[in-house]
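Colleague: I'm new to this one and would like some help reading it. Could you walk me through a few features?

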Amino acid sequence: MIVDHWGIAHLYTANRRDAFFMQGYNAARDRLWQIDLWRKRGLGLLARDFGPNYVEQDRAARLFLYRGDMDKEWQSYGPNAKDYANAFIAGVNAYVQETRDGTQPLPEEFRIAGSRPDQWHVDDIVRIRSHGLTRNVELEVQRAQIACAAGLDADRLQAQLEPAWTTKLPDGLDPCTIPRDVLKDYTLATDPVKFGAGKKAAQAYDPDTLLAQAQDRVDTIGSNNWVVSGKRTATRRPILANDPHRDHSVPSLRYIVHLVAPGMNVIGAGEPALPGISIGHSDRIAFGLTIFGMDQEDLYVEALNPSNPDQVKFDGNWEPVRIVHEKVEVKGGAPQDIEMRFTRHGPVLASDTKRNLAFTIRSVWFEPGTSAYFGSSDYMTAKNWPQFQAAMKRWGAPSENQIYADTKGNIGWQPGGMAPRRLSYDGLLPVPGDGRYEWQGFLRLDELPSVFNPKTGYFATANQMNLPQGYPIEQRRIGFDSWANPARWDRIVEVLQDKKKFSLADAMDLQNDDTTMLGRRLIALLKPLQSDDPQIAKGLQLLHDWNASDDRDSAAAALFEVWISKHIGPALVNASVPEAARALIPKPSVGAMFELLEKPDASLGPDPAKARDTLLLQSIGAAVADVSKLLGEDAGQWRWGRLHHAQFDHALMPLADPSTQAQMRVGPLELGGASNVPHAASYRSSDFRLTSGASFRMVLDVGNWDASRAINTPGQSGNSFSPHYRDLAPLWADGRYVPLLYSKPAIENAASEIVTYTPAK
């Protein structure tokens, strides 16, 4: 094993089993606390280590475990998946045993938390489902709440449906029966573990906050990728770029590793607790992913038998509810009994005994082959486009836009994922569970769109609605409300079209591009406006002179982001949404907001254009006043980076002493970027602190692999005393990269550590 200057491990082994063993061993060496917590959270084992406050979160996680046929589960990922997983967990367990034997140090986090790492079982890798990205069930619930309060027409600002679509209430659904907190267990199962809050995670659950942020997450959690043919590059070789956007954390969500064995030589990023690589390249092909807006879950409203609440009605008959009892071990206390209920659709999330209703969720998670990202174990060793597509037939979740390039000069795009075939409904609202609204299997891969060697010479995705014109959406209802606003994609394509000889430097610049297409659109609306109010006039002047770039040194960017994140959206909701539904839409979707601003209609009153202009001016004035409080009255001193910052706080910091807290914290670092620019850096509007974006970036020179570049923030290691815990964060914040070295001579020249490992017999 060679560890290079940037903490990337290059693992050279005699066979594939040893490669995956070493991947597991090295993941534990660098990230043991992270992957141990990943396992305990996913399997519902938190209370055993951390006490009774986590019992309800454990129960919620267990609701979402895969409980089907394990043989079918393993077969779903391809012929090598279980062998890879067995080797990987053997490596993890070897390192865990060494910490128990005292031959390796136990990471500091375990001392702080008062816990010990566990040994793994191979099935742990795939039984856990709740770490994957989820889709639109929160929007279904919010839409039902709005329909109950003010009718479905009031939903127009919650989400812009794409392709163009008009939904309706499913026959037999009373939207007012949907409990506001119906997704409590769903949220507990998918939320990260919180420490030091002083109360149960279940008590901290706030359904209003969850639903209010549902659409915002669609617009802010995403990714960029693109691939450019050698016909349009300066190198005459394809260039593939990918920067997946997820919640930021320390340690980083992703981990870069290089696996070398006879017949396999693959490098890139994956999930630290999974074998293989999901974003990277082999000696022949390159691959990268972004979320594809497939709707993979539904909320069902099921009728309970008034005479027997352990039965639900389906197709005119009463069916038994499957009741599972398990024990949760509790640190410092007796084990607690938990009960979980399941219908044919999935786990029961809530019951209403007065109305005799049960609320269950159906998700692809309960189908074989949907452990998040584990499908990459098949495609990462593909040799060509047909083999890559064959592997994508087995990709289950999350649904992804996979881009592809190979050393022969080919490029392509293939979305993948299990897409429920809905024929009698559209998936936009909860549905009765009586049998009329059932999935009719899943779409085949050849029913999804794909592209191979496009005439444009490039292909890009940024979570936007990218179903091609004429796609038969009526017959293949893939999804309507899980697509991100196309602003990032619009800018990426603008640059790709303009650059006739695209370079690696251009790709890195584009991943860090701060140009806001939404800013351009709002500036166009402001151009004819003026005001005698000094605050409003000040704001208009700043934005009139702005280049529409969210650069961290820009004063106008600070004003624009405060305006768009805190003021204009709520003002538009108050002006156009019926009062009964306003509290349910605290912030409109970006697409719906711009549609109404650019095409004002009667919802704004008898003179829509005038009302729109008044709203723009008043909200700018409010934003100027807000920024003045934050940065001072002198706009010459305003800078977006003074507000917008990255700070990575370890989850255990609330339990640590002050000196350890300081050691575990990374930042703050000033940032440019924002939610809807290629340099995606979403933030919370309360203090403009970074919440999600590209922790990992990769730019590949396909065929000349050593020229490729990558970055992973804040660093490769989860050990706060390691030089690789925070070393990459300043580079990342400045838009810089490190070499993603591939050839052994180049790697040996960059070696900072060489380790020979012989596992104990």
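**The sheet and what packs on it**

Modeller: Sure, and keep in mind that this is a predicted model. Start with the open sheet: 10 strands with mixed pairing, in the order S19-S17-S16-S8-S7-S6-S5-S2-S1-S28.

Colleague: Which strands stand at the edges, and why is one side of each left without a neighbour?

Modeller: Those are S19 (451–452) and S28 (751–754). Each has a single partner strand, so one of its sides has no neighbour in the sheet.

Colleague: How do strands S7 and S8 run, and how many bridges join them?

Modeller: They run antiparallel, with 2 bridges joining S7 (residues 279–281) to S8 (residues 285–291). If you want a spot to look at, find Gly 280, which stands opposite Phe 287 in S8.

Colleague: Which strands does helix H14 touch?

Modeller: H14 (residues 385–392) packs on the sheet and touches S8, S16 (400–406), S17 (411–416) and S19. Its direction makes about 10° with that of S17.

Colleague: And which strands does helix H1 lie across?

Modeller: H1 (residues 16–43) lies across S1 (2–4), S2 (9–12), S5 (255–261), S6 (264–270) and S28. Compare its direction with S5 and you get about 155°.

**The disulfide**

Colleague: Now the cysteines. What is a disulfide?

Modeller: It's a covalent bond between the sulfur atoms of two cysteines. This structure holds 1, joining Cys 148 to Cys 176 with an S to S distance of 2.1 Å.

Colleague: Where in the chain do Cys 148 and Cys 176 sit?

Modeller: In distant parts, 28 residues apart. Cys 148 is in helix H8 (residues 137–150), while Cys 176 is in the loop between H8 and helix H9 (184–190).

Colleague: Is the disulfide right-handed or left-handed?

Modeller: Look at the torsion about the S-S bond: it is about 105°, so the disulfide is right-handed.

Colleague: Are the two cysteines buried or exposed?

Modeller: Partly exposed is the label here, which covers values between 20% and 50%. Cys 148 has a relative accessibility of 33%, and Cys 176 has a relative accessible area of 37%.

**A pair of helices**

Colleague: One last feature: how do helices H19 and H23 cross?

Modeller: The axes of H19 (residues 555–566) and H23 (residues 608–631) come within 9 Å and cross at roughly 120°. The two helices are therefore oblique to each other, and H19 passes H23 in a right-handed crossing.

Colleague: Which residues meet there?

Modeller: On the H19 side they include Leu 559, Val 562 and Trp 563. Among those they meet in H23 are Leu 616, Ile 620 and Val 627.

Terms used: Residues are numbered from 1 along each chain as its sequence is written. This is a predicted model: local features need pLDDT of at least 70, side-chain atom pairs count only at pLDDT 80 or more; totals for chains, interfaces and linings use all residues. Side-chain values use heavy atoms; hydrogens and water are left out. Two strands pair if DSSP finds at least two bridges between them. Helices (H or I, at least four residues) and strands (E, at least two) are DSSP runs, numbered from the N terminus. Contact means heavy atoms within 4.5 Å. Axes are lines fitted to C-alpha atoms, for helices over the stretch in contact, and angles run from 0 to 180 degrees between N-to-C directions. A disulfide is a pair of cysteine sulfur atoms within 2.5 Å. Buried means under 20% relative accessible area, exposed over 50%, partly exposed in between (1.4 Å probe, protein chains only). Angles under 35 degrees count as roughly parallel, over 145 as roughly antiparallel, 65 to 115 as roughly perpendicular and the rest as oblique. A crossing is left-handed if the near helix is turned anticlockwise from the far one by less than a right angle, and right-handed if clockwise.
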